[in-house]
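Student: I should like a close look at the helices of this model. Please set out how they are covered and how they pack, and then turn to the aromatic rings.

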Amino acid sequence: MTSFFMNPLSLFVFVLYTSCSLLLLLYGMNTYLVLFLYLRKRNAHLESDAATEAQFVQHFADREDLPVVTTQIPLYNEINVAERVIRAVAAIDYPSACHEIQILDDSDDETCALVDQVAADLRAQGHWIEVFRREDRTGYKAGALEAGMAVCKGEYIAIFDSDFIPPADFLRRTLAHLWADENCGMVQARWDHVNQDHSWLTRVQAMGIDGHFVIEQTARNRNGLFMNFCGTAGVWRREAIDDSGGWQHDTVTEDLDLSYRAQMRGWRFHYLPTLRVPAELPPTYSAFKSQQYRWAKGTLQTARKLLPTVWREPMPLFKKLQATVHLTRYGLNLQMALIALLVLPLIATLGESGVWFYRSVLFLSLLVPAAIGPSLGYVVCQYQEHPDVWKQRLAVLPFLLIVGFGICLSNGKAVLAGMFGNDSTFVRTPKAGETSLKSYLVKRDWMPRIEMFFAVYCAFTIAVLCYLGQYALIPFVAVYTLGFGVVGSKGLAEAGI
């Protein structure tokens, strides 16, 4: 090993690879902690939530002195799903005279005519519905929400993205918690899925989103940690938005940004895991990657913007550490991409004297625990949510791991853009809807070709490992090979290449 450390190139590769592996291990170990926090408090508020909602049943029944609620529906070229969400919002059980429906329509296609038609129809039925259009899309979704708030009348603001279908009792259940706690600034419902069984890809997304909403959101909220409004399917107290600086559009995750600013101002959030709001999962790999890219980029932008403030705030160290993990978790995609790239050079530079150390310590001690943590979380999630069929549902888990590894290049690029770039262009995820009146395409790029190149590169790495007899690493690299191959080939196919 002495000669190894005297070689600058070998030292650089070794340190970089070890650093990436250690970061993966730290974040992976944190998933065990989050899982523990969830199991400790998973049933903590179920009875009190039900009691709070029951407390205000008569208040709704009397229908006197109910506050005005504004439900905002931000749209941009969503002809496939616009009518569905507007009519679902209109069907929410709340007096029409107190429920302002505000359609924030930035569309520049046939969606405009459809929105006007649906709005006129609902207005004729007695609904209070306004269509608000801007001269330009400054600030994108955040700018639309900001402009809408300047003219809306609501004391409370509900928000639904175009692909969501709120249940009729949504306001009845969420408003109760805002009324019961004057310091509650936001109530977030859980996302559900209308097209989970469309394909293996949608099943994978459903499992991933369920893990976030069942395990992570519950663990954070019930243990007094920072949680985030997820951009939709939630209700804000208007005062909390104003007090926290309003909607800002210097990141592409304006929801996460406002969430942290509001909680640092002392506003409490409440999460309702039993209130499910169905939504559409991206049905194509290009749309899924576009969504993930925006989330990864925006989360790192928010981390860059707010983490210095978080660490200056007088709060427990544990809460600051968990906020740091929460806001930087997408950075793991960059570490994963680097590890895929570095396995082959590491083997070449270590030489025979380093093989034992590399295989037994770096692989077994670092990578395996890091990989098991998230998977265990998904297992617990499925067991909690589907106790009768959880084993069958876990058939999706291997494909979730493959897709997760496969998009690390795209997300890694997003992480770099979020860390070092200032571009806050919001690229919305196209929705297909039930009728698919129009096909919205994601802009083509070179990423599928790069992913296919990495699939070939990892396959060559496996061949080298076989030649050297280092079989322990082959399953690990094989997941990368499959991931890059699946995501890259699907991206090329969808682009017609």
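Tutor: The account below begins with one helix, moves to its surroundings, and ends with the rings.

The model is predicted, and every value given here is computed from it. Helix H11 spans residues 254-264 and is mostly covered, since 11 of its 11 residues are classed as buried. The buried set consists of Glu254, Asp255, Leu256, Asp257, Leu258, Ser259, Tyr260, Arg261, Ala262, Gln263 and Met264. Several elements contribute to the cover over these residues, including helix H7 (140-151), helix H10 (238-243), helix H12 (285-312) and helix H13 (317-328). Strands take part as well, among them E6 (234-237) and E7 (268-279). After H11 comes Gly266, which has a positive phi near 100°.

Helix H12, one of the elements covering H11, merits attention in its own right. Arg294 belongs to H12, and its relative accessibility of 13% places this arginine among the buried residues. Between Arg294 and Asn195 the separation is 99 residues in sequence, while their C-alpha atoms are 22 Å apart in space.

A packing partner of H12 is helix H20, residues 474-494. The two helices meet at an angle of about 115°, and their axes are 8 Å apart. On the H12 side the contact involves Tyr285, Ser286 and Lys289, and on the H20 side Val486, Val487, Lys490 and Glu494. By class, this contact comprises three nonpolar residues, one polar residue and three charged residues.

A second helix pair can be described in the same terms. Helix H3 (residues 46-55) packs with helix H8 (residues 170-180) at an angle of about 90°, the axes being 8 Å apart. H3 and H8 are therefore roughly perpendicular to each other. Asp49, Thr52 and Glu53 of H3 are in contact with Arg173, Ala176, His177 and Ala180 of H8. The residues at this contact divide into two nonpolar, two polar and three charged.

Turning to the rings, the model holds 19 aromatic pairs under the rule that ring centres lie within 6.5 Å. One of them joins Trp200 to Phe399: the centres are 6.1 Å apart and the planes stand at 70°, an edge-to-face arrangement. Trp200 lies in helix H9 (residues 200-222) and Phe399 in helix H17 (residues 397-406), so this pair ties together parts that are 199 residues apart in sequence. The two partners can also be described by accessibility: Trp200 is partly exposed, with a relative accessible area of 45%, whereas Phe399 counts as buried at 18%. Ring pairs also link Phe405, Phe453, Phe454, Tyr457, Phe476, Tyr480 and Phe484 into a cluster.

Charged groups are placed over some of the rings. The charged end of Arg203 sits over the ring of Trp200, 5.6 Å from its centre. Likewise, the charged end of Arg137 sits over the ring of Tyr76, 3.5 Å from the ring centre.

Helix H9, which holds Trp200, also contains Asp210. With a relative accessible area of 4%, Asp210 is buried. Leaving aside residues up to four places away in sequence, Asp210 touches Arg190, His193, Ile215, Cys381 and Gln382.

Terms used:
Residues are numbered from 1 along each chain as its sequence is written. This is a predicted model: local features need pLDDT of at least 70, side-chain atom pairs count only at pLDDT 80 or more; totals for chains, interfaces and linings use all residues. Side-chain values use heavy atoms; hydrogens and water are left out. Rings of Phe, Tyr and Trp (its six-membered ring) pair if their centres lie within 6.5 Å; planes under 30 degrees apart count as stacked, over 60 as edge-to-face and the rest as tilted. Helices (H or I, at least four residues) and strands (E, at least two) are DSSP runs, numbered from the N terminus. Buried means under 20% relative accessible area, exposed over 50%, partly exposed in between (1.4 Å probe, protein chains only). A charge sits over a ring if NZ of Lys or CZ of Arg is within 6 Å of the ring centre and within 35 degrees of the ring normal. Axes are lines fitted to C-alpha atoms, for helices over the stretch in contact, and angles run from 0 to 180 degrees between N-to-C directions. Angles under 35 degrees count as roughly parallel, over 145 as roughly antiparallel, 65 to 115 as roughly perpendicular and the rest as oblique. Contact means heavy atoms within 4.5 Å. Ala, Val, Leu, Ile, Met, Phe, Trp, Tyr, Cys and Pro count as nonpolar, Asp, Glu, Lys and Arg as charged, and the others, Gly among them, as polar.
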